[in-house]
Amino acid sequence: MIKKLLTLFFTLGICLTSYAEELSTYSNEAEKIKFQYPSNWAIKENQMGSLVAFVSPRESESDSFMENVNLLLENTPPDTSLEKYNSYGLEMLKKVVTDFNIIESNDTTLGGLPASNMIYTGRMGEFNLKYFQVWTLKDGKAYVCTYTADQKSFDKYLPVAKNVIDSLKFSSAS
């Protein structure tokens, strides 16, 4: 039994190491940002209001929703605080997500800056979705990273999504 467990842990360690070696870097020089994302995920730029989206591969031919992490940039008035943006964002989500339900919200960091995050559920069309969203403010913009998944697949992809979001780096002006 112990030998089987050791083999399992060793195999998992190899898989995790392999995963770590299979990352690609996304850079956007205009916005001075970088992300690391799984090499087998697709990049979609400037679609549906997002600057960039990292989209998981289909799990099967019948997979109708591909989990994704996207970054939305939004200009904010100069006097916008994180708390003020939190209130604004919450009101917007209540309007656009059917059956919007907050599971948890916390203070955190994003790209080394103070940030907020939230896990919530809701429906979009035929899909019952679960979201992990993190946002911060920098230089008159809100940077909103959102992981979106089918509720049944949310936990499976959450560690990968968090790694993508946590990899956000702001570069200095050149």
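This is a short talk on the fold, pockets, cores and a few single residues of one protein model.

Right, let's start. The model is a predicted one. Keep that in mind throughout.

First, the overall layout. The protein has three helices and ten strands. Read from the N terminus, the order is α-β-β-β-β-β-α-β-β-β-β-α-β. So a helix opens the series and a strand closes it. The chain has 174 residues, and 39% of them count as buried. Now contacts. Take the pairs at least 6 apart in sequence: 45% of those contacts join residues at least 24 apart. The exposed surface comes to about 10600 Å². Carbon and sulfur atoms supply 53% of that surface.

Next, the pockets. Rolling a probe the size of a water molecule over the atoms shows where empty space is left. The largest pocket has a volume of about 980 Å³. Its lining counts 33 residues. Nearest the centre are Met48, Ser50, Asn70, Thr146 and Thr148. Seven elements are worth highlighting on screen, each with two or more lining residues: β3 (42-47), β4 (50-55), β5 (68-75), α2 (82-96), β7 (113-124), β8 (127-138) and β9 (141-150). Which of them gives the most to the lining? Helix α2 does, with eight residues. And the chemistry of that lining? By class there are 21 nonpolar residues, ten polar and two charged.

The second largest pocket has a volume of about 190 Å³. Eleven residues line this one. Closest to its centre are Asn40, Trp41, Pro57, Tyr157 and Val160. Here helix α3, residues 154-166, gives the most, with three residues. The lining of this second pocket splits into six nonpolar, three polar and two charged residues.

Stay with Val160 for a moment. Val160 sits in helix α3. Is it buried or exposed? Its relative accessible area is 18%, and the cut-off for buried is under 20%, so Val160 counts as buried. Val160 also has a distant partner in sequence. Pro38 lies 122 residues away along the chain, yet the two C-alpha atoms are separated by 8.0 Å.

On to the cores. In soluble globular proteins, nonpolar side chains tend to be buried together. In this model, the largest nonpolar core holds 28 residues. Ile33, Phe35, Phe54 and Tyr147 have the most contacts inside it. Strands β2 (33-38), β4, β5, β7, β8 and β9 each give two or more residues to this core, and so does helix α3. The top contributor is α3, with seven residues.

Phe54 is a good residue to click on. Set aside its neighbours within four places in sequence. Phe54 then touches Tyr26, Phe35, Tyr37, Trp41, Ala42, Ile43, Glu67, Asn68, Val69 and Val164. There is also a second, separate core, made of 14 residues. Tyr85, Met118, Leu129 and Val144 are among them.

Now a polar residue on the inside. Asn117 is in strand β7. Why does it count as buried? Because its relative accessibility is 10%, and buried means under 20%. Beyond four places in sequence, Asn117 contacts Glu104, Ser105, Asn106, Thr108, Phe132, Gln133, Val134 and Trp135.

Then the backbone. Most residues other than glycine have a negative phi, and most peptide bonds are trans. Two residues here are worth a look on that score. Met48 has a positive phi of about 55°. It belongs to the loop between β3 and β4. Met48 is exposed, at 88% relative accessibility. Recall that Met48 is also one of the residues nearest the centre of the largest pocket. The other is Asp139, with a positive phi near 50°. Asp139 lies in the loop between β8 and β9. Asp139 too counts as exposed, at 68% relative accessibility.

Last stop, Glu29. Glu29 is in the loop between β1 (23-28) and β2. At 61% relative accessible area, Glu29 is exposed. How far apart are Glu29 and Ser171 in space? C-alpha to C-alpha, 8.6 Å, with their positions 142 residues apart in sequence.

That's the tour. Happy to go back to any view.

Methods: Residues numbered from 1 in each chain as written. Predicted model: local features only at pLDDT ≥ 70, side-chain atom pairs only at ≥ 80, totals over all residues. Heavy atoms only, no water. Helix = DSSP H or I, 4+ residues; strand = E, 2+ residues; numbered from the N terminus. Buried < 20%, exposed > 50% of the residue type's maximum accessible area, 1.4 Å probe, protein only. Contact = heavy atoms within 4.5 Å. Areas by Shrake-Rupley, 256 points an atom, 1.4 Å probe, with all protein chains shown as cover. 1 Å grid on protein atoms, 1.4 Å probe; cavity = no way out; pocket = protein on both sides within 12 Å on 5 of 7 lines; lining within 4 Å. Points joined across faces, edges and corners; volume = space filled by probe spheres on them. Nonpolar A, V, L, I, M, F, W, Y, C, P; charged D, E, K, R; others polar. Core = buried A, V, L, I, M, F, W, Y, C linked by side-chain atoms within 4.5 Å.
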